[in-house]
Amino acid sequence: MSSAVVPPEFHEVISAFPLPGRVVSVAPHGNGHINETYAAVFAEGVGTRRYVFQKVNHRIFKDVPGLMDNVRRVTAHIATKVRAAAGEAAAKRVLTLVSAKDGRAFAQDSGGGYWRVYDFIEGAHTVDRVTTEAQATAVAAAFGEFQAQLADLPGGRLVETIPNFHHTRSRFENFRKAVNENAAGRKGEVAAEIAFAFSREADADVLLNLLAQGKISERVTHNDTKINNVMLDDATGKTVAVIDLDTIMPGLPLYDFGEMVRTSASSTDEDDPNAANMHVVLPPFRALVEGYLASEVGGVLNAIERAHLGFAGKLMAYENGLRFLTDYLQGDTYYKIKHPRHNLDRCRTQFALVRSIEAAKGAMDAIIAAS
Ligand code: ADP
Ligand code: GN1
Ligand code: MG
């Protein structure tokens, strides 16, 4: 069996799941920044079947059993909804958890690591960048639909898997602390980025104030609507399933929309080493607005929420830039990195995107008004 770069704990947990046959190969999979994801091929007789094994990042997600309870509730609810609306074949292609033999939604290895297994969604793929406007419309519609499907999730409030996840004021205070502590001794090198972050501090409170004033509402949201968190059909390009459900919890629809703008209406990769390549791109922005507003969730957004669709993109670029800069200042303890300046490159593209969205505000507002 080929299993280069797969940790030994993987082999410990295989037998905890009721999977048919034997594992014939396993390899790292996908481009996520947080969890460890592996695709494992199982053979039984002449056939093979793939599963996704994920080692959940326990350092970041402090309550994995609580998180997995959310995932179990959400995947079951979504499957029921999709089955009713689109039939069994469609329901089989949404994210489907394989429970462990003991009935739990995860298994633990001898080092205390948490593992979960999903059916591999076959005939589909993720992209790190949007290439067509149709793709942007489809992604926005898929996340909008997903959020609408969660509106009647039974069972009470979901566990908050990362407290204050999109609380931009709290993100800003973490950043300020990281500057003061200067744990990795990198503060001098990023003076320009620090100054930029302070110059936009007031943006951190805009949506929080609207929420406190009751002008916008909290709902159950995905909170990580990056383009590579939706699977697209290989043949048709249509959206098949929303994935990466670790941060589903109460949040603002504007955070979901803003994260789509950040990742789907931007001109280059989040980690492009040349931040000058980064700017907002208006045709996919228009496509996102249209796809989101046409989805079921469009009908529940009020005028204030609609008016902030562009600002939401700027806020998510700012928040992610703050988070990357904080991680750089703290010595790269949160995100996976591939080289020492990775978080700094990511921060710079995000701050370039903030500037670009500010410059394009008039054009973006006109698009929203026309949609
Ligand atoms: P992370 O939190 O690290 O981003 P994800 O859950 O998004 O982890 O998974 C990382 C990548 O693995 C995804 O972008 C996707 O390409 C792939 N992936 C995840 N789940 C599945 C699945 N059930 N079937 C096929 N590919 C998957
Ligand atoms: C992380 O897990 P992934 O790669 O989809 C992060 C998001 C950030 C994103 C930046 C749990 O997303 O919040 O916006 O990186 N997820 C978590 O690319 O922190
Ligand atoms: Mg992901």
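## Starting at Asn229

Let's begin with Asn229, which is found in the loop between β8 and β9. Helices (H or I, at least four residues) and strands (E, at least two) are DSSP runs, numbered from the N terminus. This is a predicted model, where local features need pLDDT of at least 70 and side-chain atom pairs count only at pLDDT 80 or more, while totals for chains, interfaces and linings use all residues. Residues are numbered from 1 along each chain as its sequence is written, chains are lettered from A and ligands numbered from 1 in the order in which they are written, and side-chain values use heavy atoms, with hydrogens and water left out.

Is Asn229 buried or exposed? Asn229 is buried, at 5% relative accessible area. Here, buried means under 20% relative accessible area, exposed means over 50%, and partly exposed is in between (1.4 Å probe, protein chains only). Going from C-alpha to C-alpha, Asn229 is 12 Å from Ile248, and the two are 19 residues apart in sequence.

## The magnesium ion

Which residues coordinate the magnesium ion, ligand 3? Asn229, through OD1, and Asp244, through OD, do so at 2.2 Å. These two link distant parts of the chain: Asn229 belongs to the loop between β8 (219-221) and β9 (230-233), Asp244 to the loop between β10 (239-242) and β11 (249-251), and they are 15 residues apart. Donors are N, O and S atoms within 2.8 Å of the metal (3.2 Å for Na, K and Ca); water is not among the atoms, so sites may look incomplete.

Asn229 is buried, whereas Asp244 counts as partly exposed, with 26% relative accessibility.

## Around ligand 2

Next up is ligand 2, with 18 residues surrounding it; the closest are His33, Glu270, Asn320, Arg323 and Tyr334. A residue counts as near a molecule or strand if one of its heavy atoms lies within 4 Å of it. Helices α8 (253-264) and α11 (309-329) each supply at least two residues of the shell around ligand 2. The largest share, 3 residues, comes from α11.

Both of the magnesium residues show up here too. The side chain of Asn229 has an N or O atom 3.1 Å from an oxygen atom of ligand 2, and for the side chain of Asp244 that distance is 3.0 Å. Asn320 has a side-chain N or O atom 2.7 Å from an oxygen atom of this ligand. A polar contact is a pair of N or O atoms within 3.5 Å; within protein, one must be able to donate a hydrogen and the other to accept it, and residues adjacent in sequence count only if both atoms are side-chain atoms. On its own, ligand 2 has 440 Å² of accessible area, and the protein covers 97% of it. Accessible areas come from the Shrake-Rupley method with a 1.4 Å probe; for residues, only the protein chains shown count as cover.

## Around ligand 1

How many residues surround ligand 1? There are 20, and the closest are Gln54, Ile121, Thr126, Asn228 and Asp244. Gln54 has a polar side-chain atom 2.8 Å from an oxygen atom of ligand 1, Thr126 has a side-chain N or O atom 2.7 Å from one, and a polar side-chain atom of Asp244 lies 3.0 Å from one. Taken alone, ligand 1 exposes 550 Å², and the protein buries 96% of that.

Ligand 1 sits in the largest pocket, and the space taken by ligand 2 is the largest pocket as well. Strands β3 (47-56) and β6 (114-119) are the elements that give two or more residues to the shell around ligand 1.

## Two positive phi angles

Most residues other than glycine have a negative phi. Asn223, which is not glycine, has a positive one near 75 degrees. You'll find Asn223 in the loop between β8 and β9, and Asn223 is buried at 3% relative accessible area.

Asp332 also has a positive phi, near 60 degrees. Asp332 lies in the loop between α11 and α12 (342-359) and counts as buried at 16% relative accessibility.

## Two more residues to find

Leu309 has its place in helix α11 and is buried, at 1% relative accessible area. The C-alpha atoms of Leu309 and Gly237 are separated by 25 Å, with their positions 72 residues apart along the chain.

Asp271 is in the loop between α8 and α9 (282-294) and is partly exposed, at 29% relative accessibility. Asp271 and Cys347 are 76 residues apart in sequence, and 8.2 Å apart in space, C-alpha to C-alpha.

Key. 1 Å grid on protein atoms, 1.4 Å probe; cavity = no way out; pocket = protein on both sides within 12 Å on 5 of 7 lines; lining within 4 Å. Sits in = over half its atoms within 2 Å of the grid points.
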